[in-house]
Amino acid sequence: MKPRFSIDAIRQRAGDKVFARGEAYFQDGQVEILDVTPARVLARVSGNEDYRTILTGKGTAFGGECSCPAYEQSGFCKHMVAVALAAIHAAPQRDGSPLEDIRKYLLTKDAGALVGLILDLAERDDVLFRQLEMEAVTASDDDKTALSRLRKALTAATRTGGFVHYREAGEWASGVEAALDHVAALVPAGRAAIARPLAEHALARIEAAIENIDDSDGYCSELLAQARDIHLAACRAAPPEPVQFARDLFAREMADDWGAFTGAFELYADVLGEAGRAEYRRLATDAWDKIPRLAGTRRATDEVSPERERERLAGLLDAFAADDGDVDARIALRAHTLTSPWRYLGLAQFCRDQGREAEALRHAEEGLWLFKDDPPDERLVAFAAGLHQAAGRIDQALAVLRPAFEQQPSMALYQRLRDLGGEAERGRAIAVLTARLAKAPPKARWLWPADLLVNVLMSETMFAEAWDTVRTHGASPGVVQTLAELSETNHPRDALVAYAARVEQLASTGGNPNYQEACRLIARMAALRDAAEQAAYLADVKVRFKAKRNFMKMLGP
């Protein structure tokens, strides 16, 4: 028979170090297999503590879990390796597993003895006690008592007792999830009326607990979504009065910090009904009307109202207006808060998408004018120029692009100018960049003001001018190397100087990737000069970098 698990797959999943430690556990007899079924292997592994370990699947497709801290941190652990090896080498069980022996024993006991045994365990195990308590309360017919005691159980399950560290967060979340499962069971049992306030209590408790938890794995978000789903199911099973519910849900969505109730209006649409939806819309409209309009200013919107509230209200009202087919209302929403070129761009793009090109252009140019003293937003510049170009107004498009390029030149803006204006714009742009270079301060360590001009000249195959610029103003190593590679046929001496400087830098920095790149450049240099000159250069490199052993190996004899 094939072994239950592939040893090679186990080793690959765990890594050599973890596999070796797990193998030592197995060889030392620290694994006790408790139960084996076609679906899983359950075992206890002894170490500093006893850990419960489960492996599922078979062959190369397997999973599982372990109660040790290493599993919580890193996944597949040494205990899982040990159990896999034990399962592979275990002899077939003839007399049953320890778990099966326990089952047979319990079947010999009467109900009273079993109850006594379970109660004795529950007194010493808080998790079991809480689970049994909630199951008992859930089974109770007294709604008032069930509501009160389940509320207390939720409070206890969500209590943090101080800061919950990363390693403890999973266990805390498991306890909360188990409590929520009991609340969820109330809905199909016909007790949605008490499930809804319990879900609301759970939401409040989880939100309050988040600040005291290292929730790097996102347990709290999942718990909030679980509680929200219970709340929704309860509302559908026992619909509340729609108008007051709309007010409560609207307040919850506006105050939601964690996203569980984002889009609540659509999620709860069937619960709200016509009356609730109308009230929701009224609340959103009233709240929006209280928010001052902001246009043409960079003032932080938080000075007037929270940005999140603006965005949520705008999204709600936009959905309402879209349902009504009211394009003017949707434009007005976007024009309400125009505190950046990006917002003007969003407004202009929306107008264009609605077939209102003239209005789109007006908003785009208004945004460019209002923020003319700031660095230009290339997206807004390109959008306005594109509208002019699409309408055949090339001169107007150039009039938008030129001042933006002069204020903050870029390769993208140059390409647009060149495509629209041809060689005339090429000359104008080169003159602008040359004038800027003449005024540029001495080059800082990481500042290469000539790079853009060199890139422009390279794009026009004006290599002689590009090399003149490099010699006069300098350029970044990457730009110089690109220029060298593009122009080495007609400017071999310039390319050789650039390659040699780059080889020097790479070899001095060290590391195999740098050595490989240096060797590539040295090979390229060989095609640009005679053999004797190349041999002399290579000999000099080997003398100066002889301590770089890997580099010497790559260069060869």
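Contact here means heavy atoms within 4.5 Å. Keep that in mind for the exercises below, and remember that you're working on a predicted model.

**Exercise 1. Arg330**

Work out which helix holds Arg330, whether Arg330 is buried or exposed, and which residues beyond its sequence neighbours it is in contact with.

Solution.
- Step 1: locate it. Arg330 sits in helix H16, which covers residues 327-335.
- Step 2: check the accessibility. Arg330 has a relative accessible area of 19%, and buried means under 20%, so Arg330 is buried.
- Step 3: list the partners. Skip the neighbours within four places in sequence, and Arg330 is in contact with Asp318, Ala321, Ala322 and Phe350.

**Exercise 2. Arg191**

Find where Arg191 lies, classify its accessibility, and say which side chain it is joined to by a polar contact.

Solution.
- Step 1: Arg191 belongs to the loop between helix H9 (166-186) and helix H10 (192-209).
- Step 2: its relative accessibility is 11%, so Arg191 counts as buried.
- Step 3: the side chain of Arg191 is joined to that of Asp143 by a polar contact of 2.8 Å.

**Exercise 3. H20 against H21**

Describe how H20 and H21 are arranged, then go through the residues that meet.

Solution.
- Step 1: get the geometry. Helix H20 (residues 394-407) and helix H21 (residues 411-439) have axes that come within 10 Å and cross at roughly 30°.
- Step 2: name the arrangement. Angles under 35 degrees count as roughly parallel, so that's what H20 is to H21.
- Step 3: add the handedness, which is right-handed for the crossing of H20 and H21.
- Step 4: look at the residues. H20 brings in Ile394, Ala397, Leu398 and Leu401, among others. On the H21 side you'll find residues including Leu413, Tyr414, Leu417 and Leu420.
- Step 5: sort them by class. The contact of H20 with H21 has 13 nonpolar, 2 polar and 6 charged residues.

**Exercise 4. Ile394**

Take one residue of H20, Ile394, and find its accessibility, its contacts and its C-alpha distance from Gly64.

Solution.
- Step 1: Ile394 is partly exposed, since its relative accessible area is 30%.
- Step 2: setting aside the neighbours within four places in sequence, Ile394 is in contact with Gln389 and Leu420. Leu420 is one of the H21 residues from the previous exercise.
- Step 3: go C-alpha to C-alpha. Ile394 and Gly64 are 66 Å apart in space and 330 residues apart in sequence.

**Exercise 5. H2 against H4**

Which orientation do H2 and H4 have to each other, and which residues meet?

Solution.
- Step 1: helix H2 (residues 16-27) packs on H4 at an angle of about 55°, and their axes are 7 Å apart.
- Step 2: H2 and H4 are therefore oblique to each other.
- Step 3: the crossing of H2 and H4 is right-handed.
- Step 4: among the H2 residues taking part are Val18, Phe19, Tyr25 and Phe26. They and their H2 companions meet a set of H4 residues including Val81, Ala82, Leu85 and His89.
- Step 5: by class, the contact of H2 with H4 divides into 8 nonpolar, 3 polar and 3 charged residues.

**Exercise 6. H9 against H11**

Do the orientation analysis again for H9 and H11.

Solution.
- Step 1: the axes of H9 and H11 cross at roughly 5° and come within 10 Å.
- Step 2: H9 and H11 are therefore roughly parallel to each other.
- Step 3: H9 supplies residues including Trp172, Val176 and Leu180, and H11 supplies residues including Tyr219, Leu223 and Ile230.
- Step 4: the class count for the contact of H9 with H11 is 12 nonpolar, 2 polar and 2 charged residues.

**Exercise 7. Two loop residues**

Find the loops that hold Ala90 and Thr461, classify each one's accessibility, and check the phi of Thr461.

Solution.
- Step 1: Ala90 is in the loop between helix H4 (78-89) and helix H5 (98-107). At 42% relative accessibility, Ala90 is partly exposed.
- Step 2: Thr461 is in the loop between helix H22 (451-459) and helix H23 (463-473). At 57% relative accessibility, Thr461 counts as exposed.
- Step 3: Thr461 isn't a glycine, yet it has a positive phi of about 55°.

Note on methods
Residues numbered from 1 in each chain as written. Predicted model: local features only at pLDDT ≥ 70, side-chain atom pairs only at ≥ 80, totals over all residues. Heavy atoms only, no water. Helix = DSSP H or I, 4+ residues; strand = E, 2+ residues; numbered from the N terminus. Buried < 20%, exposed > 50% of the residue type's maximum accessible area, 1.4 Å probe, protein only. Axes fitted to C-alpha atoms, helices over the stretch in contact; angles between N-to-C directions. Parallel < 35°, antiparallel > 145°, perpendicular 65-115°, else oblique. Left-handed = near helix turned anticlockwise from the far one by under 90°. Nonpolar A, V, L, I, M, F, W, Y, C, P; charged D, E, K, R; others polar. Polar contact = N/O pair within 3.5 Å; in protein donor to acceptor, adjacent residues only side chain to side chain.
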